[in-house]
Amino acid sequence: MVASVWERQALEALANLQEDYYNLCMEKHRKINHFILRILQEVDEEIKKGVEKGITVNIAGNNRLIPVERVTGEDFWILSKLLKNHPCISGLDVRYNLLSDVGAYYAAKLLQKQLYLIYLNLMFNDIGPDGGELIAKALRKNTTLKYLRMTGNKIENKGGMFFATMLQINSSLEKLDLGDCDLGMQSVIAFATVLTQNQAIKGMNLNRPILYGEQEESTIHLSHMLKENHFLVELHLCKHDIKNSGLQQLCDALYLNSSLRYLDVSCNKITHDGMVYLADVLKCNTTLEVIDLSFNRIENAGANYLSETLTSYNRSLKALSVVSNNIEGEGLVALSKSMKTNPTFSNIYIWGNKFDEATCVAYSDLIKMSYLKPDNTDVEPFVVDGRVYLAELSNGLKKHYYWTPTYGEAYGHSSNAGTLKLEDSLKNIGSMLQSYNCFKIRNCSFKKHENTNRSFQQTY
């Protein structure tokens, strides 16, 4: 009885974040951010309900469904003092705000003192090289953070080098997203070198570095890393200017790699010649489960190479995206046939190619005969005047990487199939909130509309 009373009193003491924030703002003579105040009120309510740990505080600045007051670096200072060592808070999402290097300084301080934080999302916060340096140095001593998103912060080559150095020391971080951070050739090579030794990182995003030259030097180093690293599960190399020769290097490495399950080489310069190497390695590789080839140019020939392998040899690949690859009916129909003979191959994304009537009928039949579930593709058949057509659905491997939908579930299976296919491999990070039995404090809590897939969606 005494213990339960004590526990109730302890929870009530923790559930005063809103009041503590107000008082701290008054004490420090700072303007109150009413958006933060509102979110903290929701957190307090959940703590009072008995949620004792695993709460992710979502203060994303790109929500258009409720009034948002963007969080500044000074706002984050107050917030960091409030959340310091709060045992119920394990995640903090402050994407699309105005933290800048000032906020990065306080984020670094928080990483040094918050012993319960396992997820931190700082994407698109105008953090520069100096701010990146502060956060990277803080992570050298941090032993709790599992997943950091720095997406869209222009930390450049300088900041990238500090993060690469950090990975030589930190042995707890499992997933690092440095996509769209303007990394240079030097820092990409540094990451490739460090990852030959790092055994903790399971997921790495190096999308859209600033590279010069046509020698694909960074791809060569990353290929060498894949030969040596047997712990990395997810690798994103979008917009790396990878050509067929670069893909050949990566495929040569995949003959020796036994851990990689998700390979993203979208938005590169890969053609049907490169598919010869990928199709060959898929005959031997039994670990790759998700491949993203979106926005390349593999055409019919490349699709036929993949179809032959998926039909007769490979039984490990689960999801393939060939969105916008200049594939015509012949290649698309060939890929559809492989789904009928391959029970493992469950997800395919084809929008942006050249559909003819045979393509529309083939994918309509796949869905009708249950070879392809409607949530596992980005097209939906409909009939007009007796003829079958395909409409686009908002499904994909990573549809909500940059934005969240106006209606519906932002973390659902259909729109984030790439990540969710790896739940077993990335227990601590792929769907972290579920794995840690977390409660999400989300800005949008609308029920899923029955026609979500066809609803209007607004990018942020």
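Here are a few questions and answers about this predicted model.

Q: Why are α6 and α7 called roughly parallel?
A: Their axes cross at roughly 5° and come within 8 Å. Angles under 35 degrees count as roughly parallel, so α6 earns that description relative to α7.

Q: How do you know that α6 and α7 meet, and which residues take part?
A: Contact means heavy atoms within 4.5 Å. On the α6 side the residues include Pro129, Ile135, Ala136 and Leu139, and they meet a set in α7 that includes Phe162, Phe163 and Met166.

Q: What makes up the contact of α6 with α7, by class?
A: Its residues divide into 7 nonpolar, 2 polar and 5 charged. Gly132 in α6 and Gly159 in α7 both belong to the contact, and Gly counts as polar.

Q: What lines the largest pocket, and which residues lie nearest its centre?
A: The lining has 22 residues, with Asp292, Ser294, Phe295, Lys398 and Lys399 nearest the centre. By class there are 10 nonpolar, 6 polar and 6 charged residues. Asp and Lys count as charged, Phe as nonpolar and Ser as polar. The pocket's volume is about 490 Å³.

Q: Where in the chain is confidence lowest, and where is it highest?
A: Helix α16 (residues 432-435) has the lowest mean pLDDT, at 40, while helix α6 (residues 129-139) has the highest, at 98. The scale runs from 0 to 100, and the chain averages 87, with 86% of the residues scoring at least 70.

Q: What contacts does the model have over residues 428-460, where the pLDDT is below 50?
A: Beyond near neighbours in sequence, that stretch has 86 contacts in the model. Residues 5-10, where pLDDT stays under 50, have 0 contacts beyond four places in sequence.

Note on methods: Residues are numbered from 1 along each chain as its sequence is written. This is a predicted model: local features need pLDDT of at least 70, side-chain atom pairs count only at pLDDT 80 or more; totals for chains, interfaces and linings use all residues. Side-chain values use heavy atoms; hydrogens and water are left out. On a 1 Å grid over the protein atoms alone, a cavity is a set of points where a 1.4 Å probe fits but cannot get out, and a pocket is an open set with protein on both sides within 12 Å along at least five of seven lines; lining residues have an atom within 4 Å of a point. Grid points are joined across faces, edges and corners, and a volume is the space filled by probe spheres set on the points. pLDDT is the predictor's confidence in each residue, from 0 to 100. Helices (H or I, at least four residues) and strands (E, at least two) are DSSP runs, numbered from the N terminus. Axes are lines fitted to C-alpha atoms, for helices over the stretch in contact, and angles run from 0 to 180 degrees between N-to-C directions. Angles under 35 degrees count as roughly parallel, over 145 as roughly antiparallel, 65 to 115 as roughly perpendicular and the rest as oblique.
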